[in-house]
Amino acid sequence: MSKILIVEDDVAFCTMLKTFLAKKNYEVTTAFSGSEASSKIQDHVYDVVLTDVRLPDRDGITLLKEIQQKDATTQVIIMTGYAEVNMAVTAIKQGAFDYVSKPFNPDTILQTIDSALKQEKQVATNNSTISQSKQEISQQLPKDKKKVVASKKNDTSFVKGISDASKKLNEYVALVAPTKMSVLIIGDSGTGKEYIASSIHKASNRAEKPFIAVDCGAIPKEIASSEFFGHIKGSFTGAVNDKVGHFEAANGGTLFLDEIGNLSYELQVQLLRALQERKVKPVGSNKEIEVDIRVIAATNEDLSNAVKEGEFREDLYHRLNEFSIKVPPLRERIEDLMLFANYFLEESNEELEKNVVGFEDEVLESFKKYSWPGNLRELKNIVKRSVLLTQNDWVAQEVLPSDIAHATATTKNTYGLFKNQNEQELILDALEKANGNKAKAARMLSIDRKTLYNKLKQYDISL
């Protein structure tokens, strides 16, 4: 039976994780602080240590060094929040086996633990000394980092996010994906509406069939019917070959209509008929083709208002809007910002054949202050540009565009912590609103957990 030590100051989460792993036949021990973990590491040998990157009395990297000194075969898995991925990457560089971002699903942590145990056996059987083996693995991991992250991206092709807004979004996606309902995705430009549509398709019964994405705003009015329904050779000037339309191409799968509000009124009529009858007729043909498709539409407009103004057909609107999903702008899920930034960092590393490790602290602060009007698309472009310009291991302030590098906070901290004489009351208020959840209270106060712990000690607040 493999022995696992969980080091986590969130008692409820730690207990839940212990119960889960114990049911999977692991011998599990817990520690709620770095000092408690150090004591147990000195007295016992563990196969795997799962540790939070931030603890009340020290960080996970310090603990990692202690573990390596005690027994180099012990594999360390770092658990990290959205703002601490850079620390986790540093830990990997210093010899940690891997990191997992909270919240993680059970299958992910089990797979990571299983891989760590295999790595432990490999290290233990190495012909060289244990310490030398660990050093070699530590040296290899940074070079291999892209492979580790790439495997993560293959397991989940998108970043789900950990903010309350993202959790609600993910719940809606999971709820509607297995159904046959048409979905209307509403959100600002750049929020990842196609990415949401794709995730619905991949989680549906049509996952093995085509996913056809169409930008309705990019199709000229004159050829729109041909693009959607196809045409036969000679049906109009320039039709030199038969053409398969988007509806037929998506047969059996999902048709994603992006910026649906840009369709002409005439094409709206044709689209409604195709959806009602489940048949399409190519331009110039007398033959109808039966199609079985699921439609997911997206818009950055207020379609209900367009219906009131007579610019969008009400019957089509209701057919598309069997279930609606609102995608929040990036400014409303700042907790997810660094998850997305690090995802785009690794994506850019792979595309540009670079190996930038992470972002300097000043860059993180600028990212948090910037309002991101272009949302995820803008963040992706900025990260890619920064990776291209970076000549060292870390993205620095000087490679950022000036409007981001010199951004000032666009929203005020609701609680005004450190600028208010009633600081203690503000902390107590946040803890009350968060039902005692310190991580959530810290987010409400716009501070990290370590700062909150220090304040709790300062005011002798115990929970």
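This passage walks through aromatic pairs, cysteines, cavities and a few individual residues in a predicted model.

Residues are numbered from 1 along each chain as its sequence is written, and side-chain values use heavy atoms, with hydrogens and water left out. Since the model is predicted, local features need pLDDT of at least 70 and side-chain atom pairs count only at pLDDT 80 or more, while totals for chains, interfaces and linings use all residues.

Starting with the rings: a pair of aromatic rings is described by the distance of the centres and the angle of the planes. Here, rings of Phe, Tyr and Trp (its six-membered ring) pair if their centres lie within 6.5 Å, with planes under 30 degrees apart counted as stacked, over 60 as edge-to-face and the rest as tilted. The count comes to 10 aromatic pairs. One of them is F229 with F247, a tilted pair at 5.4 Å centre to centre and 40° between the planes. F229 sits in helix α9 (residues 224–229) and F247 in helix α10 (residues 246–249), so this pair ties together parts that are 18 residues apart in sequence. (Helices, H or I of at least four residues, and strands, E of at least two, are DSSP runs numbered from the N terminus.) Both rings belong to buried residues, with relative accessible areas of 7% for F229 and 0% for F247; buried means under 20% relative accessible area, exposed over 50%, and partly exposed in between (1.4 Å probe, protein chains only). Elsewhere, ring pairs link F359, F367, Y370 and W372 into a cluster.

On the cysteine side, there are 0 disulfides, a disulfide being a pair of cysteine sulfur atoms within 2.5 Å. C14 is buried at 0% relative accessible area, and C216 is buried at 3%.

Next, the empty space. A cavity is a set of points, on a 1 Å grid over the protein atoms alone, where a 1.4 Å probe fits but cannot get out; its lining residues have an atom within 4 Å of a point. Grid points are joined across faces, edges and corners, and a volume is the space filled by probe spheres set on the points. The structure holds 3 cavities of 30 Å³ or more, and the largest has a volume of about 60 Å³. Its lining consists of 12 residues, with V159, L169, Y195, I196 and R333 nearest the centre. Helices α7 (164–176) and α8 (193–202) are the elements that give two or more residues to this lining.

Just past α7, A177 lies in the loop between α7 and β6 (183–186) and is buried at 1% relative accessibility. Leaving aside neighbours within four places in sequence, A177 is in contact (heavy atoms within 4.5 Å) with I200, A203, S204 and R294. A177 and R206 are 29 residues apart in sequence and 9.6 Å apart in space, C-alpha to C-alpha. A213, by comparison, belongs to strand β7 (residues 211–215) and is partly exposed at 37%. With the same neighbours left aside, A213 touches E194 and F256.

Finally, the backbone. Most residues other than glycine have a negative phi. E259, not a glycine, has a positive phi of about 50°; E259 lies in the loop between β8 (254–258) and α11 (265–277) and is buried at 12%. R278 also has a positive phi, near 60°. R278 is in the loop between α11 and β9 (279–280) and is partly exposed at 34% relative accessibility.

Key
1 Å grid on protein atoms, 1.4 Å probe; cavity = no way out; pocket = protein on both sides within 12 Å on 5 of 7 lines; lining within 4 Å.
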